[in-house]
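Hi,

Here is the structure I said I would pass on. Have a look at it first, and my notes on what turned up follow underneath.

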Amino acid sequence: MKKIEAIIKPFKMDDVREALGEIGVTGMTVSEVKGFGRQKGHTELYRGAEYMVDFLPKVKLEIVIAKEDVERCVNTIIETAQTGKIGDGKIFITDVERVIRIRTGEENREAI
């Protein structure tokens with residue numbers, strides 16, 4: 001099993017969720033996060049004063065999926081979340097050793 005963590009722009013969340021549902025992804029965890037990469041934040045004007053916004057709002061998706069479904073899932077996220085502009089985000093893929101569904105005690109593939 002693999003864990004996919006994707007950091008994307010917030011306005012792309014609904015499109016990505018819908019596209020992942022169409023390919024059979026049945027669950028995910030979504031968090032509102034803040035961060036920066038090459039964008040390095042931006043400047044905003046508030047009550048006539050300029051100030052720097054260092055951390056930009058993003059959405060983090062976490063999906064645990066069978067190893068054989070990873071590429072399809074990753075490609076779907078890329079195709080749906082990509083705008084072609086700086087700040088589109090990142091995808092991280094890591095190994096998952098074990099998954100347990102608390103309610104039933106099911107493990108691994110049956111638990112996801």
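Let me start with one pair of side chains: Glu-5 and Lys-60 are joined by a polar contact of 3.0 Å. Keep in mind as you read that this is a predicted model.

The same two side chains also make a salt bridge, at 3.0 Å from N to O. Glu-5 sits in strand E1 (residues 2-8) and Lys-60 in strand E5 (residues 56-65), so the pair ties together parts of the chain that are 55 residues apart in sequence. As for how covered the two partners are, Glu-5 has a relative accessible area of 17%, which puts it under the 20% cut-off and makes it buried. Lys-60 comes out at 22% and counts as partly exposed. Leaving aside residues up to four places away in sequence, Glu-5 touches Lys-60, Leu-61, Glu-62, Lys-90, Ile-91 and Phe-92.

How many salt bridges are there in total? The count comes to nine. Two others that I looked at:

- Arg-17 with Asp-14, where the closest N and O atoms are 3.9 Å apart. Both residues lie in helix H1 (residues 13-22), three residues apart, or about one turn of the helix. Arg-17 is partly exposed at 46% relative accessibility, while Asp-14 is exposed at 51%.
- Glu-106 with Arg-101, where the closest N and O atoms are 2.4 Å apart. Glu-106 is partly exposed, with 31% relative accessibility, and Arg-101 is partly exposed too, with 25%.

Now the overall layout. The protein chain has two helices and six strands, and from the N terminus on the order of elements is β-α-β-β-β-β-α-β. Of its 112 residues, 32% count as buried. If you take the contacts with a separation of 6 or more, 70% of them are between residues 24 or more positions apart.

Strand E1 deserves a paragraph of its own. Six of its seven residues are buried, so E1 is largely enclosed by the rest of the structure. What does E1 pair with? One partner is E5, which runs antiparallel to E1 and is joined to it by seven bridges. To find the register on that side, look at Ala-6, whose bridge partner in E5 is Leu-61. Another partner is strand E6 (residues 89-95), also antiparallel to E1 and also over seven bridges. Here you can use Lys-2, which has Asp-95 as its bridge partner in E6.

Next, the inside. The largest nonpolar core has 16 residues, and the ones with the most contacts inside it are Ile-4, Ile-8, Leu-20, Leu-61, Ile-63, Cys-73 and Ile-77. Elements that give two or more residues to this core are E1, H1, E5 and helix H2 (70-81). Which of them gives the largest share? That is H2, with five residues.

Ile-77 is a handy place to click if you want to see what surrounds it. Not counting residues up to four places away in sequence, Ile-77 touches Ile-4, Ala-6, Ile-8, Val-16, Leu-20, Ile-63, Gln-82 and Ile-91.

That last name is worth following. Ile-91 lies in strand E6 and is partly exposed, with a relative accessible area of 29%. With the same neighbours in sequence left out, Ile-91 touches Ile-4, Glu-5, Ala-6, Val-74, Ile-77 and Ile-78. Glu-5 from the opening pair is one of these contacts. From Ile-91 to Leu-61 the C-alpha distance is 9.3 Å, with their positions 30 residues apart in sequence.

Finally, a word on confidence. The mean pLDDT of the protein chain is 89, and 89% of its residues reach 70 or more. Confidence is highest in E1, at 97, and lowest in strand E3 (residues 42-46), at a mean of 62.

If you only have a minute, start with the salt bridge between Glu-5 and Lys-60, then go to E1 and its antiparallel pairing with E5 and E6. After that, go through the core residues, including Ile-4, Leu-61 and Ile-77.

Cheers

Key:
Residues numbered from 1 in each chain as written. Predicted model: local features only at pLDDT ≥ 70, side-chain atom pairs only at ≥ 80, totals over all residues. Heavy atoms only, no water. Salt bridge = Lys/Arg side-chain N within 4 Å of Asp/Glu carboxyl O. Helix = DSSP H or I, 4+ residues; strand = E, 2+ residues; numbered from the N terminus. Buried < 20%, exposed > 50% of the residue type's maximum accessible area, 1.4 Å probe, protein only. Pairing = 2+ DSSP bridges. Polar contact = N/O pair within 3.5 Å; in protein donor to acceptor, adjacent residues only side chain to side chain. Contact = heavy atoms within 4.5 Å. pLDDT = per-residue confidence, 0-100. Core = buried A, V, L, I, M, F, W, Y, C linked by side-chain atoms within 4.5 Å.
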